[in-house]
Amino acid sequence: MVGATSREDAGTGGAAATAQPRAMRADARRNHERLLTEARSAFAEHGTDASLEDVARRAGVGIGTLYRHFPNRDALLSAVFEDAVGDLLTRSRELLDAPEPCAALVTWLREMVTHAGEYRGLAHALMSVSHDKSSALARCSDPIREAGGALLARAQKAGTVRPDVAIGDLLQLTHAIALAAEETPGDSELADRLLHLTLRGLTDS
């Protein structure tokens, strides 16, 4: 079922991104992996508002088991998005050695748009938690902010990006671009056009 009930979003707000202990039993680890696999499938099919009851059913467990591993929807989203975060962090480190700092920053932002648009509703969720440190999604947003901040600082030091540009504002704009692309699926070049406009805004004095 698309759309979640209030029960599904209840959980324990502000909990850690996952509730797994340091050393899970083999059956718990299998449940954890099945839940992640089915969450990715459900989110890809229905968006991030997909029914958590349905995710648990697909994984062959009860909703209580899902909540033991992922106390709320943001915790599950954080775990699902974790691989993408790892890719973005790796890419940011690679781009720190790129010869053109501004182009490197924009390349990374383009990849951020791609990852944020992987699941319908994810870009909106990331925008919503940008200043909410109590959300489990902050586990994703904080390292992304640091990685993007390093690329931005390098471009500013090179004089190719305005000194008054803040990484928080830039990430919000990037999430908004991902959201706009999500809402306009028939225009495959929209995100690139908006990123080019962003580039102009970054460099104009």
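Q: In what order do the elements of the protein chain run from the N terminus on?
A: In this predicted model, the order is α-α-α-α-α-α-α-α-α. The tally for the protein chain is 9 helices and 0 strands.

Q: What makes Leu137 count as buried?
A: Buried means under 20% relative accessible area, and Leu137 has a value of 0%, so the label applies. Leu137 sits in the loop between α6 (122–128) and α7. Setting aside residues up to four places away in sequence, Leu137 touches Asp74, Leu77, Ser78, Ala125, Leu126 and Val129. Its C-alpha atom is 8.8 Å from that of Leu76, which is 61 residues away along the chain.

Q: How many residues of the protein chain count as buried, as a percentage?
A: The share is 45% of the 205 residues. As for contacts with a separation of 6 or more, 73% are between residues 24 or more positions apart.

Q: Why is the pairing of Glu45 and Arg58 called a salt bridge?
A: The cut-off is a side-chain nitrogen of Lys or Arg within 4 Å of a carboxyl oxygen of Asp or Glu. For Glu45 and Arg58 the closest N and O atoms are 2.9 Å apart, and the definition is therefore met. This pair links distant parts of the chain, with Glu45 in helix α1 (residues 26–46) and Arg58 in helix α2 (residues 52–59), 13 residues apart.

Q: Why are Glu45 and Arg58 called partly exposed?
A: That class lies between the buried limit of 20% and the exposed limit of 50%. Glu45 has 49% relative accessibility, so it belongs there. Arg58 has 25%, so it belongs there too.

Q: What separates Arg58 and Asp54 along helix α2?
A: About one helical turn, because they are 4 residues apart in helix α2. These two also form a salt bridge, with the closest N and O atoms 3.1 Å apart. Asp54 has a relative accessible area of 10%, so it counts as buried.

Q: How do you know that Asp192 and Arg110 form a salt bridge?
A: Their side chains meet at 2.8 Å, N to O, and the limit is 4 Å, so the pair qualifies. Asp192 in helix α9 and Arg110 in helix α5 are 82 residues apart, and the pair links distant parts of the chain. Asp192 is partly exposed, because its relative accessibility is 33%. Arg110 is partly exposed as well, because its relative accessible area is 28%. Elsewhere, salt bridges that share partners join Glu45, Asp54, Arg57 and Arg58 into one network.

Q: Why does Glu182 have no salt bridge?
A: The nearest side chain of opposite charge, Arg120, is 5.3 Å away, and a salt bridge needs an approach within 4 Å, so the pair falls outside the definition. Glu182 is buried all the same, in helix α8 (residues 167–183). Beyond its neighbours within four places in sequence, Glu182 is in contact with Tyr119, Arg120 and Gly121.

Q: What makes the space lined by Met112 and Leu126, among others, a cavity?
A: A cavity is space where a 1.4 Å probe fits but cannot get out, which means it is closed to the probe. The search of the whole structure finds 1 cavity of 30 Å³ or more. The largest cavity holds about 100 Å³. Helix α8 gives the largest share of its lining, 4 residues. The lining divides into 4 nonpolar, 5 polar and 1 charged.

Note on methods: Residues numbered from 1 in each chain as written. Predicted model: local features only at pLDDT ≥ 70, side-chain atom pairs only at ≥ 80, totals over all residues. Heavy atoms only, no water. Helix = DSSP H or I, 4+ residues; strand = E, 2+ residues; numbered from the N terminus. Buried < 20%, exposed > 50% of the residue type's maximum accessible area, 1.4 Å probe, protein only. Lys, Arg positive; Asp, Glu negative; His and termini not counted. Contact = heavy atoms within 4.5 Å. 1 Å grid on protein atoms, 1.4 Å probe; cavity = no way out; pocket = protein on both sides within 12 Å on 5 of 7 lines; lining within 4 Å. Points joined across faces, edges and corners; volume = space filled by probe spheres on them. Nonpolar A, V, L, I, M, F, W, Y, C, P; charged D, E, K, R; others polar.
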